[in-house]
Amino acid sequence: QTETFNEQHRLQFHFTPPSGWMNDPNGMVYHNGEYHLFYQHNPDSTVWGPMHWGHAVSKDMISWEHLPIALYPDSLGTIFSGSAVVDMNNTSGLGTKENPAMVAIYTYHDAEGERAGRDDFQTQGIAFSLDNGRSWTKYKNNPVLKNPGTRDFRDPKVMWYEEGQKWIMTLAVKDHISFYSSPNLLNWKLESDFGANVGAHGGVWECPDLFKLKTQDTDEEKWVLIVNINPGAPNGGSGTQYFLGSFDGNNFVIDPQFEASLNAKPVIATTVNGQEGIWLDYGRDEYAGVSWSGVPEEDGRRLFMGWMSNWDYANVVPTEKWRSAMAIARKLELVNTPAGMRVASMPVKELQNIYGTTKKLEAQTISNVLDISDKLSINTSTYDLQLRLEPVGTQNSFAVELSNAKNQKVLVGLDASRGQYYIDRTKSGDHSFSDKFSGIQYAPRLSNDKAFDLRLVVDVASVELFADSGKTVMTAIFFPDEEFTKVKLVTENGQLKLVSGQMTDLKSIYSS
Ligand code: FRU
């Protein structure tokens, strides 16, 4: 198999399947020095279809080695989303203490059952590997969790709950989360339900996650409950919302302050386009994101990755050989903001592994336009751009403009009249494939700092904005006829102070 990975719109440092369809990241687990990434995969087509778990491994979450498909559909159904853990204490008996099993917990989707009009066509099954995920055996008594009669019953995220010495499964059940527990990954008991009356409910709840996070400064701890939802995201279609609270092994209890901000309206920090919810990423193209399990305690990071598309148009975006990519791996952190405690995300530091040259911009006051690519003599569509900007006088709108010679462009900036960040892809090139693609997406600003810290991670056909140290994040994809190798900073009728800025060329993960 010789892959070139240089087709039009093929991202150069984000994960993409060699060919065929991909959606959610699955089974993310770190084990024996490798980050595993499994993914929803239809190998036979570039549109969604019978789901398999594709597989890849990485030493740094940036460069990936593609491995053979890990899980194939079987008589119980196709293989929907789920998670993986390493059963260190061999609670399941599927491995040994010396060679603990890697266990995948996933949803069986029985399409025939669905067609026959049954409601119980989604169940949870498990499979295990004793050779670092290279080969897999399905458990003989699947499913391990039967369906109580709910159509949407899926995407198990399993973690070891140390305090109670048991496994906890966080499961998406239509409009709420159900928590199950198990001593051995094989027998599961319902603990509690959460969420039917809180948060965003414009669509089905999917792909949840539950973990503890500490604040950096005060060492305060909160439990984070991630709930992906489709549709119902603030800018339309799919999105990742979350809740902060506590978890005692039985119940998730939402933090009162967090709940108050969810209910406060209209509060800029929670409302975009009139939509409820607090979101990990406000852009159109981060979905089904969850975190890695098994990351060593010494590392201390909570590492997250999402799918870089949106169900509004994922099946029709203009790529031919493969469809869609994963967003860049991110580190999640609890931070204090003027709106309350929030989860911030930043690209993992391993992005450095593909750093090329860095060029710095001089501090200056900009009137109208600063042509960054021209000034720095940089001609690339894969880079990491960091800018610190301050208003001169009253706050004016400003944007980073990514463009090509065909005058196609994407704008990433601040809309001063709304006090919100935005990404405008109305002139970004091809959007004929879906009338839901074009448009402007907005996100709240969660900082009162005078200076705006913007970091843009750009890769051929995608931009990820990390603003104010990751307090506001937006991810968007686009399909220009020619790559966007021009970068400008534009201000609307006024001046802008560039306090500092630098642009780093990012190398293709396929170049060596
Ligand atoms: C989310 C999702 C999951 C499901 C999978 C099917 O994008 O709908 O809920 O398990 O995709 O491919």
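Author: A quick definition before your questions: two strands count as paired if DSSP finds at least two bridges between them. Also, keep in mind that this is a predicted model.

Reader: Okay, so which residue in β20 does Gly20 stand opposite?

Author: Start with the strands: β1 covers residues 20-31, and it pairs with β20 in the parallel sense over 2 bridges. Within β20, the residue opposite Gly20 is Trp322.

Reader: Which strands stand at the edges of that sheet?

Author: The sheet is open, with 5 strands and mixed pairing, in the order β4-β3-β2-β1-β20. An edge strand here has a single partner, so one side of it is left without a neighbour in the sheet. The strands in that position are β4 (65-71) and β20 (322-323).

Reader: How far apart are the C-alpha centres of domain 1 and domain 2?

Author: The domain assignment makes domain 1 out of 20-312 + 323-347, while domain 2 is 355-506. Between their C-alpha centres, the distance is 31 Å.

Reader: And which element gives the largest share of the side of domain 1 that touches domain 2?

Author: The contact takes 29 residues from domain 1 and 24 from domain 2. On the domain 1 side, the elements giving two or more residues are β17 (279-281), β21 (330-337) and β22 (340-347). The largest share is 5 residues, and they come from β22.

Reader: How many residues on that side of domain 1 are nonpolar?

Author: Sort that side, the one touching domain 2, by class: 6 residues are charged and 8 are polar. The nonpolar count is 15.

Reader: Last one: what pLDDT does the chain average?

Author: Of the residues, 97% score at least 70. For the model as a whole, the scores are ipTM 0.99 and pTM 0.97. The chain's average pLDDT is 95.

Note on methods
Residues numbered from 1 in each chain as written. Predicted model: local features only at pLDDT ≥ 70, side-chain atom pairs only at ≥ 80, totals over all residues. Domains from an automatic or database assignment. Contact = placed C-beta atoms within 7 Å. Helix = DSSP H or I, 4+ residues; strand = E, 2+ residues; numbered from the N terminus. Nonpolar A, V, L, I, M, F, W, Y, C, P; charged D, E, K, R; others polar. pLDDT = per-residue confidence, 0-100.
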